[in-house]
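User: I'd like to learn how to read helix packing and salt bridges off a model. Can you walk me through one?

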Amino acid sequence: MAERQGQAAPDAVLTRIGQVVMLHHAGDREEARHRFLGLWAEIGENGDPLHRCTLAHYLADTQDDPEDELDWDLRALTAAEEAADDRLAGYEGSLAARALYPSLHLNLAADYARLGRTDAARSHLRRARGAALTLADDRYGEGVRAAIGRLEILLGEGGTPGGRVPPRQRP
């Protein structure tokens, strides 16, 4: 019992988001989108910033329209910035939100590249690269850095995409 007292209680909303992510990864994209939208309705536009960030980040993956995907990714970044705001330094989700920055910017770079907005894509790619410097040398960090490298190659050096930007893949 004393051992458990030192551990943080699990976050029920993040657990529910994780369950829907597993449904999505199992191939049921439409049902995942439906459940994510239900969670979004529960959390609301003013809900916990880490919950909104995480949910919007994964909800973007279930979108069919690239503009809708971009909208959800922008919501995720806005919520992450709110969570990481210096005024909320005491907020326990701020560190977790900051850890998402490399992936958030990478996804936005890919969204903008798919939409032919290469200047915006390059801007977010630079931000993703800078934020990735803080990632550990673990599987997640290596996956994000590899995805950044792939997108750098696809965007090419001449200001236009060097190839078709593939659908988003999680690192």
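Analyst: We'll go from the overall fold to one helix, and then to some salt bridges. This is a predicted model, where local features need pLDDT of at least 70, side-chain atom pairs count only at pLDDT 80 or more, and totals for chains, interfaces and linings use all residues. Residues are numbered from 1 along each chain as its sequence is written, and side-chain values use heavy atoms, with hydrogens and water left out.

User: How many helices and strands does the protein have?

Analyst: Helices (H or I, at least four residues) and strands (E, at least two) are DSSP runs, numbered from the N terminus. Here you get 9 helices and 0 strands. For burial, buried means under 20% relative accessible area, exposed over 50%, and partly exposed in between, with a 1.4 Å probe and protein chains only. Buried residues account for 43% of the 171 residues.

User: What span should helix α2 have, and how far apart are its end C-alpha atoms?

Analyst: The expected span is 1.5 Å times one less than the number of residues. Helix α2 (residues 12-25) has 14 residues, so it should span 20 Å, and its end C-alpha atoms are indeed 20 Å apart. At its N-terminal end, D11 acts as a cap, with a side-chain oxygen 3.0 Å from the backbone nitrogen of V13.

User: Which residues of α2 are buried?

Analyst: They are V13, I17, V20, V21 and H24. Looking down the axis of α2, these buried residues fall within an arc of 110 degrees (taken from the directions from the helix axis to the C-beta atoms), so they line one face of the helix. They pack against α3 (29-43) and α4 (49-60), with contact meaning heavy atoms within 4.5 Å. On the other side of α2, A12, M22 and H25 are exposed.

User: And salt bridges: how many does a search of the whole structure find?

Analyst: The test is a side-chain nitrogen of Lys or Arg within 4 Å of a carboxyl oxygen of Asp or Glu. The search turns up 11. One of them pairs R35 with E31, closest N and O atoms 2.8 Å apart; both sit in helix α3, 4 residues apart, about one turn of the helix.

User: Where do D64 and R33 lie in the chain?

Analyst: D64 and R33 form a salt bridge at 3.4 Å, N to O. This pair links distant parts of the chain: D64 is in the loop between α4 and α5 (66-84), R33 in helix α3, 31 residues apart. D64 counts as exposed at 59% relative accessibility, whereas R33 is buried at 10%. Both belong to a salt-bridge network with R29 and E30.

Key: A polar contact is a pair of N or O atoms within 3.5 Å; within protein, one must be able to donate a hydrogen and the other to accept it, and residues adjacent in sequence count only if both atoms are side-chain atoms.
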